[in-house]
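Work through the exercises below with the model open beside you. Try each task before you read its solution.

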Amino acid sequence: MHLANLNPGTKAVITDVTASTAGSARLMELGFLPGSAVTVIRRAPFGGPLLCRIRNASIALRQADAGLICVQQESCCTHSDACSSVAQETMSSVVVPVAELAAH
Amino acid sequence: MSPSSPTENSADRPFRVALIGNPNTGKSTLFNALSGMRARTGNYPGVTVEKRSADLTWQNLRIELIDLPGTYSLAPRSPDEMLAVHTLAGTADVPAPDLVICVCSSRALERSLYLSTQVMESPVPTIVCINMWDELASTEAAPDPAELGRLLGAAVVTTSARRLQGLDELRAAAVRILNGSAATASERQAFLSPQLQEAAAELRMIVSRDVPHAEDAAEFLALRALVDPEGQVEQYLSKLCGADFRQRLSEIRSSLETSGQSLPRSEAVQRYGWINRVLQQVLRTTDDSPHRLTQTLDSVLLHRVVGLAIFLAIFLLIFSTIYWFSAPLSDGVETILGMISEFILSRMAPGSFRSLLVDGVVAGTGAFLVFLPQICLLFFFIALLEDCGYMARAAWLVDRLMSIAGLSGRSFLPLMSSFACAVPGIMATRTIENRRERMVTILIAPLMSCSARLPVYVLLIGTFVPDQSLFAGLLSLRGLTLFLISSLGLLLAIPFALLLRRTIFRGDSSSFLLELPDYRLPRMRVVIQRIVESAWDFVSNAGTLIFATSILIWAAGSFPGDRVERDQLLTEYEQLEAVGDTDSAEHERIAQRLNELNADLLRGSLLGQAGELTEPLFRPLGWDWKISVGVLSSFPAREVIIATLGTIYSLGSDVDETDDGLRSAMQASVHADGTPVFQLPAVLSLLVFFALCAQCVSTLVVIKRETSSWTWPVFSFTSMTVLAWVAAFLTYRISSLLL
Ligand SMILES: Nc1nc2c(ncn2[C@@H]2O[C@H](COP(=O)(O)OP(=O)(O)OP(=O)(O)O)[C@@H](O)[C@H]2O)c(=O)[nH]1
Ligand SMILES: [Mg+2]
């Protein structure tokens, strides 16, 4: 399921961000990353941009960009489209430097 | 990577301290608070587009404080953004700063720290400044600065720039680092995975070998190039480094890919992962909803029906109000000018100098100053909308509409500011990421109805459009006409933009990514400052350009010509008036002769000849030679036409109406055959011409500067002038048939 299809008010967790051109890099800088919680607050009239809440900021983005973001609704966990299976892979393969933190 | 040692700083150079941070985190507010200066601020991401600096002294240290445009990361996608990386690396023309203050927002701390950790990888010492501390919902959501600083490996200071709180602590922390008395950055954190760090360390060898002046920054540059495939840093290094750099880079990237770390995703994942874990240690709660006020206001202002209606109402109301409010104000200014003319007339004998003062200076410059109230009002509304946070909402609401023209909501603020003045409007396009979209916005910005057009509109509408009220007094016909003529440029800009996006600037579809800030109470100080600044711009413009043109036009309208007879007659005439003899045949004779002389002198003058010469060009638009001269003189700056018309009509006017002002002089002016010059069709064609023509040298110069090419100002000038002529012609023809 994509962010673009989410109903306003529903909470969801991002499962994957499709790598494309600069567009997806910008999204990731703003914090649209696998595992992050996201809420669609509202949609602009006439198919205009979405307004999302992510990492304590309200970000407006177009439907096309929202289409790059795969999500899973918090309540249901039976979604198993192509999107989330890719996501499992990415999430497990993320290497994060925990060692440095522990060193402190 | 050792930090540049502050002891190297020779006494003759001030320490350079740069403010870097996400858009709208309060960098400029902090800059103003620290320096006492008045850089522009506003509740919209992307207010600052140019760096600004101030010279200060902090505890005997000379400081050059630099305010920079906001950015979300150090992964530059345009040469403009690349400047930030160059500055940090010291590879720009200017030396690297000695200290960076990373300004974070207390509300979106996690996101703000993303940039901070990138900056901390540069060789420049860093202070993390958490601003907007006053906006934290509760002390529960507040991190402990000392603890956070220990985990980050950087000094952390909290400020509330808007309330001038925390400034002393910030200055003290900065001085400690600049003096070298703070702990050095030996405890530098690694935010990314060991593989990435090792790869950067390896590439660093090549960079420090091939890139001059990059010793300290070599690892920083190598890392930035590595994590941002095909970004500006990679392009920059590829140019300078040998072929082995590119080869190693792609080898490293593919080996990282196989171990599951594809770029640029891994940078974001690892960095946010690191920040997340740190924040979990220092934050007790995570409150993830906008302020209550913002939620409530948004549910109305962003509502799909109500929100759009309010949006339209706001802008309609602005234009109506400008008209309603400013009419009495303008009358006041006009009365004062009348008194000044009166005073000069009563104190001086007729002659060239008196004519210069009254007909040139007062009539010209003064006629123009009458419109100052309107300009102030317009800037008042724009500043108000921007500072409360509504502008970003408006951008969100219109994005869909703008996408039809191949643009995005990002273009809304530049275009809206262009309603005040195209110059700051065009500069504001720097926040538009897509180059083609930005170019198109630059080219249509001059079509927006700027405040310099307002005087022309108000003069013509106020003089020739009947004063009626519509819809049971809700709107005035004049207000509505003003709204329509002000929207004309905007309406034509849509097809024009579309055309450009389909031809010269076709390709990559636009995008829209904008943070909507929380609503904030607009600060009257900021709003008033904005008004004063623009009013001063306007007046000083009137004081120089307009003043000079007034005199030039007066001179061209007065010479050549023998004025001896006229001045003599005028003296006799005023003597008769003084003794109250206004009914005799003698008075009648002199008045008639004077009127003839005035008209003849004006026709025979340089100005009259120039008008005659150009009249055929403007004849099809329904104008006489006086309007033609006015329009010609207004090509450097459109507001000049008011001064020109003021001078022309004052010079050539009949003696008994010299003091009635420009409006009545225009109403009374007739063609040679006795029909009035200003009939509605001619007035409308003049309005349309001014709405669309590129009569502003400053705008053309700014277009040149922002596009770094003369092609675009020339293109803009030609296309707009042709468009204006054709549209004015059509207006004249069609309205002549209809009215
Ligand atoms: N409550 C509160 N508001 C602040 C504080 N500092 C700045 N603001 C507000 O935040 C908004 C943005 O301030 P600016 O100084 O223009 O922000 P900036 O970082 O320079 O923004 P850009 O130039 O667009 O990158 C304005 O409305 C300020 O009034 C603060 O400490 N507390
Ligand atoms: Mg700023």
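**Exercise 1: strands across the interface**

Strand β4 (residues 57–61) of chain A and β9(B) are joined by three bridges and run antiparallel. Two strands count as paired if DSSP finds at least two bridges between them. Helices (H or I, at least four residues) and strands (E, at least two) are DSSP runs, numbered from the N terminus. This is a predicted model: local features need pLDDT of at least 70, side-chain atom pairs count only at pLDDT 80 or more, while totals for chains, interfaces and linings use all residues. Residues are numbered from 1 along each chain as its sequence is written, chains are lettered from A and ligands numbered from 1 in the order in which they are written, and side-chain values use heavy atoms, with hydrogens and water left out.

Task: find the bridge partner of A60(A) in β9(B).

Solution: Go to β9(B). The partner there is L514(B).

**Exercise 2: the extent of the contact**

Task: state how many residues each chain brings to the contact, and what area is buried.

Solution: Start with contact, meaning heavy atoms within 4.5 Å. Chain A gives 43 residues and chain B gives 57. Next, take the area. The size of an interface is often given as the accessible area lost when the parts come together. Here buried area is the accessible area (1.4 Å probe) that two parts lose on being put together, summed over both. Chains B and A bury about 4400 Å² between them, and carbon and sulfur atoms give 57% of it. In chain B, the residues that lose the most area to chain A are R265(B), W396(B) and L513(B), together 17% of what that side buries.

**Exercise 3: polar links and their sources**

Task: count the salt bridges across the interface of chain B and chain A.

Solution: Apply the rule: a side-chain nitrogen of Lys or Arg within 4 Å of a carboxyl oxygen of Asp or Glu. Four salt bridges cross the interface of chain B and chain A. One pairs D399(B) with R62(A), with the closest N and O atoms 2.9 Å apart. Now see which elements of chain B supply the side that touches chain A. Those giving at least two residues each include α3 (109–120), α6 (194–210) and α15 (390–404). The largest share, ten residues, comes from α10(B).

**Exercise 4: inside chain B**

Task: locate the salt bridge of R171(B), and the cis peptide bond before P264(B).

Solution: R171(B) meets D168(B) in a salt bridge (3.1 Å, N to O). Both lie in helix α5 (residues 167–179) of chain B, three residues apart, about one turn of the helix. The cis bond joins L263(B) and P264(B), with omega about 5°. P264(B) sits in the loop between α9 (243–258) and α10 of chain B.
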